[in-house]
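Student: I should like to learn how to read a structure of this kind, one feature at a time. May we begin with burial?

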Amino acid sequence: MTMIFGVPLAVFMGQLMLGLINGAFYALLSLGLAVIFGLLKIVNFAHGAMYMLGAFAALLGLQTLGLNYWLALLLVPLLVGGLGMLIERYMLRRIAHLDHLYGLLLTFGLALIAEGTLINFFGVSGSSYPTPTALQGGYNLGFMFLPIYRAWVLLAALVVCLGTWFIIERTRLGAYLRAGTENSALMQAFGVNVPQLVTLTYGFGVALAAFAGVLAAPLYPVSPTMGSSLLIVVFAVVVIGGMGSILGAVLTGLGMGLVEGLTKVYYPEAANTVIFLVMVLVLLVRPAGLFGKEA
Amino acid sequence: MNQAAETLTDYPDLEGAEMLRVRNLNAFYGESHILHGVDFDVKRGELVTLLGRNGAGRSTTLKAIMNMVGRRTGSIVINGNETLGMKPHRIPRLGIGYCPEERGIFASLDVEENLLLPPTVRSGGMSIDDIYAMFPHLYERRRSQGTRLSGGEQQMLAMARILRTGARLLLLDEITEGLAPVIVQALGEVLVKLKARGMTIVLVEQNFRFAAPLADRHFVMEHGRIIEEIGAAELASRRDHLNTLLGV
Ligand SMILES: Nc1ncnc2c1ncn2[C@@H]1O[C@H](COP(=O)(O)OP(=O)(O)OP(=O)(O)O)[C@@H](O)[C@H]1O
Ligand SMILES: [Mg+2]
């Protein structure tokens, strides 16, 4: 049997794959956080709750309406994104002139309300969402077994991340977004409806989280607390990558997933803390983050 | 995004019709009261200057017209539309281009993206080819990051990008500040061309020698008020008086 530093190749690759999958979720979520932070300057503490709502909406849609996975993947982000736009329009905008800390507190409160309400109705134990038929089974690659659904998650996450990067870096709408991030007052003086842009941006960031939630539903138990536990890691990822760049958020997300996977292979005891260790090191050496602009 | 047409009252493009009328304008940044009843008006096709010492309130006047200050009272009529109650993003859609004192070139955009950024507010703006013909340096550097340009090139870019939008009233804040004499001269030539195209221009300037030959009228500001109006014809005879007002 092939060994990599004393670990069987299949085990090594299997953990790497798991790490990449986690990394794909880190990437999707930190990407949304970065987009929102860019324009609104708010650290969106409701992001985990939106991810959780995405998974729940898919589950409830299936159970009550028979909404299939593919439709859920399309409709749930729109639905949750719409909810996000309402939150921005009627709550965040009211306090946008205050210190951004208030926005953070408000989104934190909303996250706790969403989580608490769902715990009240569904408990914390979590339910499973069936893997869609077309994506069941897997390939034997010789050196490892690759479940199709995991490969799909990786592919879908990468496509969405690259699509987002393309919109922001290569389109006119993206130019509005980047410019609005730098100087929104001047954008208004050019005739751009910045408040509308802010609403759309928040909705889009939240829709990314909901999309991740639907992707996650067949992989992890769907429970009201699934978002809050993930979000803490994602915040660490964001600190490591820095709020500066879209591509930075994606690469850091994937990279930290891999680091976690590798740690699971060689020193499983540290697997849950290694990202926070990296975060502390990055803060000490390069506080703006790996891809952030130094102040 | 472009709803210019619906808010625009289309006045006939007659020379001499009123483009901008400011009456008893008061403006505040938070608690600080900066403008204390500014009154002036600008006719279509005119180039006027706002002169004054540092802190007189010239930049604030332009920002107040764009609704970029805290609170405003009084009246600002642009092209026949009262704009005091208008949202900031509606005002440029009346056909106004604003060039801020700090230039406002975006670092996250390259030169061409900066140039293409402001949405069209009216038809009849300059084409991108016309603009590159007027500012050949910008064409050469179109793929550079906006803030990598020299000060002079950034100023050209800040001007060029509002010419594309079809704006007919330009508010230009200290466009010659800190620039080399050759560039100042080039900017002067640009202003002459814009005037020939029928643009109405409000020019905030420190460099009086630059402004004097271009302007039809000069307004002198002090402590947030207009204290003097001097027509181009009176300039020679009132030069000493003006120098006293400006403290030069
Ligand atoms: N954002 C702001 N908040 C509070 N006060 C301001 C602000 N911007 C300007 N001021 C004050 O308003 C007054 C007028 O400033 P303004 O920028 O209009 O002057 P100016 O005539 O353009 O002169 P200059 O550009 O040479 O400084 C100054 O006293 C200035 O300190
Ligand atoms: Mg000024």
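Tutor: A residue counts as buried when its relative accessible area is under 20%. This is a predicted model, and in chain A 51% of the 295 residues count as buried.

Student: What percentage of the residues of chain B count as buried?

Tutor: In chain B, 56% of the 248 residues fall into that class.

Student: Which secondary structure elements make up each chain?

Tutor: Chain A has 11 helices and 4 strands. Its radius of gyration is 19 Å, close to the 19 Å of the globule rule for 295 residues, so chain A is as compact as a globular protein of that length. Chain B comes to 9 helices and 10 strands. A compact globule of 248 residues would have a radius of gyration near 18 Å, and the 17 Å of chain B agrees with this.

Student: What dimensions do the chains have along their principal axes?

Tutor: The C-alpha atoms of chain A fill a box of roughly 65 × 50 × 35 Å. For chain B, the C-alpha trace spans about 45 × 40 × 40 Å.

Student: How should one read the exposed surface and the charges?

Tutor: One may ask which atoms supply the exposed area, and where the charges lie on average. Chain A exposes about 13,400 Å², with carbon and sulfur atoms supplying 72% of it. Chain B exposes about 10,400 Å², and there carbon and sulfur atoms supply 49%. In chain A the mean positions of the 11 positive and 8 negative charges are 10 Å apart, whereas in chain B those of the 29 positive and 30 negative charges are 3 Å apart.

Student: How does one read a sheet?

Tutor: Strands of a sheet pair through backbone hydrogen bonds, either parallel or antiparallel. Chain B contains an open sheet of 4 strands in the order β2-β1-β4-β5, with antiparallel pairing. Its edge strands are β2 (32-43) and β5 (81-82), each pairing on one side only. Strands β1(B) and β2(B) pair over 9 bridges, and B:Leu20 stands opposite B:Val42 in β2(B).

Student: Is B:Tyr29 buried, partly exposed or exposed?

Tutor: B:Tyr29 counts as partly exposed because its relative accessibility is 33%. This residue lies in strand β1 (residues 18-29) of chain B.

Student: Which residues does B:Tyr29 contact, leaving aside its neighbours within four places in sequence?

Tutor: B:Tyr29 is then in contact with B:Ile34, B:Thr60, B:Lys63, B:Val69 and B:Gly70. By contrast, B:Val192 is 163 residues from B:Tyr29 in sequence and 34 Å from it in space, C-alpha to C-alpha.

How values were computed
Residues numbered from 1 in each chain as written. Chains lettered and ligands numbered in written order. Predicted model: local features only at pLDDT ≥ 70, side-chain atom pairs only at ≥ 80, totals over all residues. Heavy atoms only, no water. Helix = DSSP H or I, 4+ residues; strand = E, 2+ residues; numbered from the N terminus. Rg over C-alpha atoms; globule rule 2.2 N^0.38 Å. Buried < 20%, exposed > 50% of the residue type's maximum accessible area, 1.4 Å probe, protein only. Areas by Shrake-Rupley, 256 points an atom, 1.4 Å probe, with all protein chains shown as cover. Lys, Arg positive; Asp, Glu negative; His and termini not counted. Charge placed at Lys NZ, Arg CZ, Asp CG, Glu CD. Contact = heavy atoms within 4.5 Å. Pairing = 2+ DSSP bridges.
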